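Subject: Structure handover

Hello,

Here is the structure I promised to pass on. Please open it next to this email, and my notes follow below.

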Amino acid sequence: SLGQTIPSLIGLGVAASAAGVPLYADMLDAAVTELGSKDNDNDATSGDASNKKDDFAIYSVASGLFGACFSLGQVFGPIVGGSFTTSSKGVAIAVTGEAILILLLTIWERFYKTAPRATSTKESKDNEPGETSSLLH
C-alpha cells in the first residue's frame with residue numbers, strides 16, 4: 001500500500017545518507033593518509049602552495065570517485081536486482097552472494113586496518129590535535 005511505501009522510501013533515503021557520510025569521511029582520510037603531501041604542515045602560515053594544490057587535487061579526485069561510484073551503484077543495482085528477481089531461485093542466490101561479499105569485505109577491512117603502517121615523525125611526536133593537524137583525523 002502507499003502508506004507503507006512512502007515511509008519505507010523515506011527510511012531508505014535516510015539510511016543511505018547516514019551510511020554515506022562516514023564512508024565519505026573515511027575515504028577522504030584514507031586518500032590523504034596514503035597519497036597526501038609529505039609535509040603535514042599545511043596550515044595557513046606555511047606558505048607552500050604546492051602542498052595545498054596536491055591536497056586539493058586529492059580531495060577533488062576522492063570526491064569525484066565517491067560520486068561516480070555511488071551513481072554507478074544506483075544504475076547497476078536495479079539492473080542486477082531486476083535480473084535476479086525474474087527466476088525462482090534468483091533472489092536466494094542474490095541474497096547469499098551479497099552476504100558472502102559483505103563477509104569477505106569485512107574480513108579484508110579488519111586485516112587492512114590492523115596492518116602496521118608507517119607514521120610521520122610529526123604525528124609520532126605529538127598525537128594531540130592542534131591547529132596544524134587535519135580535521136579528519
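How much accessible surface does the protein chain have, and what share of it belongs to carbon and sulfur atoms? The total is about 10,800 Å². Carbon and sulfur atoms account for 68% of that surface. Please keep in mind that this is a predicted model.

Overall layout

The protein chain has four helices and zero strands. Read from the N terminus, the order is α-α-α-α. Of the 137 residues, 9% are buried. I also looked at contacts between residues at least 6 apart in sequence. Among these, 60% join residues at least 24 apart.

The core

Which residues make up the largest nonpolar core? There are five: Leu-28, Ala-31, Val-32, Ile-58 and Ala-62. Helix α1 (2-35) and helix α2 each supply at least two of them. The largest share, three residues, comes from α1. As background, nonpolar side chains in soluble globular proteins tend to be buried together.

One more residue links to this region by distance. Tyr-59 sits in helix α2. Its C-alpha atom is 6.7 Å from that of Leu-28, although the two residues are 31 apart along the chain. Leu-28 is also one of the five core residues. Is Tyr-59 itself buried or partly exposed? Its relative accessibility is 30%, so Tyr-59 counts as partly exposed. The cut-off for buried is under 20%.

The aromatic residues

A search of the whole structure gives two aromatic pairs. One pair is Phe-66 with Phe-70, whose ring centres are 6.1 Å apart. Their planes meet at 20 degrees, so this pair is stacked. Stacked requires planes under 30 degrees apart.

Where do these two residues lie? Both are in helix α2 (residues 49-84). They are four residues apart, about one turn of the helix. Their accessibility is worth checking on screen. Phe-66 has 18% relative accessibility, so Phe-66 counts as buried. Phe-70 has 41%, so Phe-70 counts as partly exposed. Tyr-24 joins Phe-66 and Phe-70 in one aromatic cluster.

The surface patch

Which residues make the nonpolar surface patch of about 630 Å²? They are Leu-72, Val-75, Phe-76, Ile-79, Val-80, Phe-84 and Ile-93. Helix α2 gives the most, with six residues. Val-80 is in helix α2. At 41% relative accessibility, Val-80 counts as partly exposed.

Helix α2 in brief

Helix α2 comes up in each of these sections. Helix α2 supplies at least two residues of the core. Helix α2 holds both Phe-66 and Phe-70. Helix α2 also gives the most to the nonpolar patch. If you have time for one element, start with that helix.

Best wishes

Definitions and conventions
Residues are numbered from 1 along each chain as its sequence is written. This is a predicted model: local features need pLDDT of at least 70, side-chain atom pairs count only at pLDDT 80 or more; totals for chains, interfaces and linings use all residues. Side-chain values use heavy atoms; hydrogens and water are left out. Buried means under 20% relative accessible area, exposed over 50%, partly exposed in between (1.4 Å probe, protein chains only). Contact means heavy atoms within 4.5 Å. Accessible areas come from the Shrake-Rupley method with a 1.4 Å probe; for residues, only the protein chains shown count as cover. Rings of Phe, Tyr and Trp (its six-membered ring) pair if their centres lie within 6.5 Å; planes under 30 degrees apart count as stacked, over 60 as edge-to-face and the rest as tilted. A nonpolar core is a set of buried Ala, Val, Leu, Ile, Met, Phe, Trp, Tyr and Cys residues joined through side-chain atoms within 4.5 Å. Patches are made of residues with over 30% relative accessible area and no salt bridge: like charges are joined within 9 Å, nonpolar side chains (Val, Leu, Ile, Met, Phe, Trp, Tyr) within 5 Å. A salt bridge is a side-chain nitrogen of Lys or Arg within 4 Å of a carboxyl oxygen of Asp or Glu.
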